[in-house]
Amino acid sequence: MQQQHNTSHPDPTALGLFGLAMVTLVASSQKLGLTQGTSMVLPWAIFLGAMAQLVAGVYDFKKGNAFGGTAFIAYGFFWLAVGMSWLISMGALGDALKTAADSRQLGVAFIGYLIFTLYMTIGATQTNTVLFAIFALIDLLFIGLSISVLSTNEALKEAAHQLAAYAELFISLASFYLSAAYIFKAQFGKTILPIGGKLFASKTTA
């Protein structure tokens with residue numbers, strides 16, 4: 001999630017985006033009903049959704065990129081927390097935790113990440129068009145997840161679940177594209193896949 005450049009460290013953006021692309025691809029397959037359960041989503045959540053983004057975030061902070069570092073690390077820890085939630089619901093951490101689990105707390109956490117993503121989406125207007133689109137899709141994902149967990153209306157829950165499923169799929173596709181764009185530009189020294197520019201120019205003061 002590139003915003004600033006410092007040549008002392010390699011750009012970690014492609015790695016972080018690949019991690020995001022992989023975990024959302026696998027997770028969306030479950031939401032869309034193409035696969036079943038979360039047991040085999042869990043490894044991808046931990047190692048790609050979490051670890052790859054955490055590594056990318058640390059390197060972004062070393063490069064002086066507060067926006068990219070914050071985004072990658074925040075979403076990396078999100079996938080660790082989701083993975084832990086799945087383990088609890090499966091009973092892997094004991095029956096006591098499984099019995100005491102209240103899924104509404106997960107819905108509240110989704111609202112918290114929606115708030116975070118909304119202001120990060122505003123920040124993404126100063127990066128590039130594809131990255132802004134990814135953040136906008138993440139907004140839709142968290143709207144869908146929040147409603148699907150907290151709503152008591154079954155029709156609304158199902159519609160929200162479908163919104164989350166398709167938003168997650170398109171997050172994956174856009175993240176693969178942007179990851180490839182960064183790799184190609186680094187390897188060939190020129191833009192191969194266009195990613196667009198800032199949505200609007202920020203005003204600076206003297």
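1. A nonpolar patch lies on the surface of this predicted model. Its members are Val108, Ile111, Ile115, Tyr119, Ile122 and Leu150, and together they have about 570 Å² of accessible area.

2. Helix H5, spanning residues 103-124, is the main contributor to the nonpolar patch, giving five residues. As to the spacing of residues on a helix, an α-helix has 3.6 residues a turn, so residues three or four places apart point the same way.

3. Leu150, also a member of the patch, is located in helix H6, which covers residues 129-150. Its relative accessibility is 34%. Leu150 is classed as partly exposed because this value falls between the 20% limit for buried and the 50% limit for exposed.

4. Helix H1 takes in residues 13-31, 19 residues in total. From first C-alpha to last, H1 reaches 27 Å, close to the 27 Å expected at 1.5 Å a residue. Gly33 follows H1 and has a positive phi, near 80°.

5. How much of H1 is buried? The count is 15 of its 19 residues, so H1 is largely enclosed by the rest of the structure.

6. Leu15 belongs to H1 and is partly exposed, with a relative accessible area of 39%. Leaving aside neighbours within four places in sequence, Leu15 has contacts with Ala52 and Val55. Leu15 and Val55 are 40 residues apart along the chain, and their C-alpha atoms are separated by 8.5 Å.

How values were computed: Residues numbered from 1 in each chain as written. Predicted model: local features only at pLDDT ≥ 70, side-chain atom pairs only at ≥ 80, totals over all residues. Heavy atoms only, no water. Helix = DSSP H or I, 4+ residues; strand = E, 2+ residues; numbered from the N terminus. Expected span 1.5 Å × (residues − 1). Buried < 20%, exposed > 50% of the residue type's maximum accessible area, 1.4 Å probe, protein only. Contact = heavy atoms within 4.5 Å. Patch = residues over 30% accessible without salt bridge, like charges linked within 9 Å, V, L, I, M, F, W, Y side chains within 5 Å. Areas by Shrake-Rupley, 256 points an atom, 1.4 Å probe, with all protein chains shown as cover. Salt bridge = Lys/Arg side-chain N within 4 Å of Asp/Glu carboxyl O.
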